[in-house]
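Please look over the sequence and the model shown here. A short report on its packing and strand pairing comes after it.

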Amino acid sequence: MSFSKHVLICDPVDPILNKILQDNGFKIRYSPTITNKELELIIHDFDILIIRSRTKLTKKLIEKAHKCSIIARVGVGLDNIDLEAADKKNIDVINSAESASTAVAELVLCLLLSLSRQIIKADGSIRQNKWLKKELLGSELKGKYLGIIGLGNVGKRLSRLARGLNMNIIGYDINSIDDTYAREVGLIKTDFNTLLKSCDYISLHVPLMNSTYHMINQQKLSMMKKTAFLINTSRGGIIDEEALYLAIKNGDLAGAALDVFENEPISQTKLTELPNVILTPHIGAQTQEAQLLAANVIAEKIIHRIKTK
């Protein structure tokens with residue numbers, strides 16, 4: 001079966017996505033650096049829009065997408081799409097949430113280890129011809145309490161990896177937590193505030209919505225141990241970055257690792273002043289394996305949706 005649908009790919013994706021769709025008769029325009037202003041002029045020509053996190057599909061843009069029946073997000077979050085506007089135009093919104101769980105969970109583990117062993121400071125000291133062996137006293141992850149806020153695909157994958165390091169897992173989710181999974185990893189279920197007060201490391205894995213915007217604010221940060229570390233690989237708006245900066249600067253929190261920011265790409269942030277903060281440019285899903293899987297998943301979902309429409 002061949003589909004003569006016009007597809008606009010607005011962000012860089014694995015080439016396998018283009019190939020699968022072209023092999024099935026889709027007509028592809030690949031514009032990985034297109035701006036919103038340019039997109040506004042041509043969006044009405046396409047049946048399917050494919051994006052990652054760079055492109056923001058606003059209400060204004062979606063209202064001009066007169067032919068569009070599918071918006072496909074190669075990745076997890078949907079906060080860069082006006083879902084209400086898409087729903088009003090009966091546009092299906094799909095993503096590849098299942099594709100990034102291992103990549104993101106492994107990045108969190110990398111950040112946990114880097115924070116606990118001061119890897120960034122150690123590397124920087126060598127590059128400055130310093131030998132800081134005595135100053136670089138770290139701590140082991142074994143026996144520490146890892147709090148995971150949000151137990152979806154990534155949160156569950158992370159808990160299994162951390163359990164392999166003999167960490168204690170405390171979990172919180174607004175949805176009910178599967179008992180079989182909880183027994184598998186020895187998960188301690190608790191409420192949000194108790195988790196904040198109890199953990200040595202806290203990792204965030206929730207979508208960005210009105211209810212989660214700045215859910216980690218000055219009040220919540222003040223509940224955490226002064227020796228605790230905060231890791232965010234979900235969405236930047238979940239943390240009040242100014243409050244986080246002040247908490248770490250004032251010694252009320254041991255440090256943090258952020259892969260996401262409220263405004264991306266980030267140009268300036270006071271967090272760069274702090275030596276006990278690790279900052280990465282939204283690379284959670286940036287592995288060859290995750291990008292290949294995401295492209296395959298999205299291609300299959302698009303074909304399935306078109307077949308069943």
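The sections below take the sheets, a helix, the cores and the cysteines in turn. The model is predicted.

## The seven-stranded sheet

One open sheet has seven strands, in the order β8-β7-β6-β9-β10-β11-β12. The pairing is parallel. At the edges are β8 (188-189) and β12 (277-279), each pairing on one side only.

Inside this order, β6 (residues 145-149) pairs with β9 in the parallel sense over four bridges. I149 has L204 of β9 as its bridge partner. Helix α11 packs on the sheet and touches β10 (229-232), β11 and β12. The direction of α11 makes about 145° with that of β11.

## Strands β1, β3 and β4

β1 and β3 run parallel and are joined by three bridges. Here I9 is the bridge partner of I50 in β3. β3 also pairs with β4 (residues 70-73), again in the parallel sense, over four bridges. On that side, I50 has A72 of β4 as its bridge partner.

Side chains leave β3 in two directions. I48 and I50 point one way, L49 and I51 the other. All four are buried.

## Helix α1

Helix α1 spans residues 15-23, and its buried residues are L17, N18, I20 and L21. Seen down the axis of α1, these residues fall within an arc of 170°, so they line one face of the helix. An α-helix has 3.6 residues a turn, so residues three or four places apart point the same way.

What do the buried residues of α1 pack against? Their partners are three strands, β1 (6-9), β2 (27-30) and β3 (48-51), together with helix α12 (288-308). The face turned away from the buried side of α1 carries the exposed residues P15 and D23. Just after α1 comes G25, with a positive phi of about 90°.

## Nonpolar cores

In soluble globular proteins, nonpolar side chains tend to be buried together. The largest nonpolar core in this model has 29 residues. Which of them touch the most other members? They are I149, I202, I216, L221, L230, L244 and L253. The elements giving two or more residues to this core are two helices, α9 (192-198) and α11 (241-249), and two strands, β9 (201-204) and β11 (255-258). α11 gives the most, with five residues.

L244 is one of the residues touching the most other members of the core. Leaving aside neighbours within four places in sequence, L244 is in contact with L221, L230, I239, L253, A256, L258 and L271. A second, separate core has 25 residues. Among them are V108, L141, Y201 and I278.

## Cysteines

How many disulfides does the structure hold? The count is zero. C10 is in no disulfide. The nearest cysteine sulfur to that of C10 belongs to C68 and is 9.7 Å away. A disulfide needs the two sulfur atoms within 2.5 Å.

Is C10 buried or exposed? C10 is buried, because its relative accessible area is 1%, under the 20% limit. C110 counts as partly exposed, because its relative accessibility is 42%.

Methods: Residues numbered from 1 in each chain as written. Predicted model: local features only at pLDDT ≥ 70, side-chain atom pairs only at ≥ 80, totals over all residues. Heavy atoms only, no water. Buried < 20%, exposed > 50% of the residue type's maximum accessible area, 1.4 Å probe, protein only. Core = buried A, V, L, I, M, F, W, Y, C linked by side-chain atoms within 4.5 Å. Contact = heavy atoms within 4.5 Å. Pairing = 2+ DSSP bridges. Axes fitted to C-alpha atoms, helices over the stretch in contact; angles between N-to-C directions. Arc of directions from axis to C-beta.
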